[in-house]
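Student: Could you take me through one part of this structure slowly? I'd like to see how a single helix and the loop before it fit in with the rest.

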Amino acid sequence: MSTQEVSATTAIVTGASRGFGRAIAIALSQAGANVVGVARDGGRLEEVRAELGDTFTPVVADAADPVVAGQLIDAYEPRTLVLNAGASPLPRPIHHHSWQTFSRNWEVDVQHVFNWTREALLRPLAPGSVVIAFSSGAAIGGSPLSGGYAGAKAAIRFVTSYAADESERNALGVRFAAVLPQLTPATDLGATAVAAYAARQGVDVATALERSGPILTQEQVGKAIVDLATDPSLDQRAYLLTAAGLSPAP
């Protein structure tokens, strides 16, 4: 198996202040990368910096801002770009949503991935670079208590695949991959969703989790992203991510 080192290279991680983003920033830093973490919560970013030291550069900004995407890609020229930022959906059935709450993840999650992906292609990033965008298992199975969340995450998968096409057509040598993690209580968003779906099923959270099988942890997510960043043989455009690891998405 061929590998590509991330040591002494730069990685940008959006949504790096908590949850999966924080775990990914830690994993990439431990693999030797210099990590630029983007989030709106400066206090939480400083906590990550306190843990990782000079290998972590906090940037307080809105990751969905197209100016931020262009500025940071120009300034840091990342070899690894992890697009993890996103909004927490309102956990209600479809008829309790307004169009504004229903479309929230389109306005934030999809716009964020579109802006950064576009900038990665326009610059373009150096050959051998990797862009990893977070979709969701909901893109396949749906998410009836999350408004437009599942559709937005499906759109992220399409955007990533389209970018992979353009990289190939223009011989850029940049890999693009979407990651579809299973629902897990390991993040604030996931814990809220698990509780909502447990209530919908008329069971407690413990029973719902027992039915769903092994829980995906933040540490497993961080490891999976390092694997994607360092193993060129992982060249599928979309991967499911469960507690068992990465597998090609259907």
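Tutor: Let's start with one helix and its loop, then step out to another helix and the cores. Keep in mind that this is a predicted model.

Our helix is H8, which runs over residues 188-201. That is 14 residues, and from the first C-alpha to the last H8 reaches 20 Å, close to the 20 Å expected at 1.5 Å a residue. Now look at which side chains are tucked away: the buried residues of H8 are Gly190, Ala193, Val194, Ala196, Tyr197 and Ala198. Part of what covers them is helix H9 (205-212). After H8 comes Gly202, and its phi is positive, near 75°.

Go back a little in the sequence and you hit the loop between strand S6 (175-181) and H8, where Thr184 sits. Is Thr184 buried or exposed? Its relative accessible area is 4%, so Thr184 counts as buried, the cut-off being under 20%. Leaving out residues up to four places away in sequence, Thr184 touches Phe20, Gly190, Ala191, Val194, Ile215 and Leu216. Two of those names should ring a bell: Gly190 and Val194 are among the buried residues of H8. Thr184 has a polar partner as well, since a polar atom of its side chain lies 3.1 Å from the backbone nitrogen of Ala186.

For another helix, try H5, residues 104-122. H5 has 19 residues and reaches 27 Å between its first and last C-alpha, close to the 27 Å expected. Even so, H5 bends by about 30° at Gln111. Its buried residues include Asn105, Asp109, His112, Trp116 and Glu119. The cover over the buried part of H5 includes S6, along with S1, helix H3 (66-76), strand S4 (80-83), S5 and helix H7 (149-169). You've met S6 already: the loop holding Thr184 lies between S6 and H8.

Finally, the nonpolar cores. The largest one has 31 residues, and Ile24, Leu28, Phe56, Phe134, Val221 and Ile225 have the most contacts inside it. Among the elements giving two or more residues to this core are strand S1 (10-14), helix H1 (19-30), strand S5 (130-134) and helix H10 (218-230). There is also a second, separate core of 29 residues, which includes Leu81, Ala120, Ala133 and Ala152. Ala120 is one of the buried residues of H5. To get a feel for the largest core, zoom in on Leu28: leaving aside neighbours within four places in sequence, Leu28 is in contact with Ala11, Val13, Ala33, Val35, Val82 and Val226.

Definitions and conventions:
Residues are numbered from 1 along each chain as its sequence is written. This is a predicted model: local features need pLDDT of at least 70, side-chain atom pairs count only at pLDDT 80 or more; totals for chains, interfaces and linings use all residues. Side-chain values use heavy atoms; hydrogens and water are left out. A nonpolar core is a set of buried Ala, Val, Leu, Ile, Met, Phe, Trp, Tyr and Cys residues joined through side-chain atoms within 4.5 Å. Buried means under 20% relative accessible area, exposed over 50%, partly exposed in between (1.4 Å probe, protein chains only). Helices (H or I, at least four residues) and strands (E, at least two) are DSSP runs, numbered from the N terminus. Contact means heavy atoms within 4.5 Å. The expected span of a helix is 1.5 Å times one less than its number of residues. A polar contact is a pair of N or O atoms within 3.5 Å; within protein, one must be able to donate a hydrogen and the other to accept it, and residues adjacent in sequence count only if both atoms are side-chain atoms. The bend at a residue is the angle between axes fitted to the seven residues ending there and the seven starting there.
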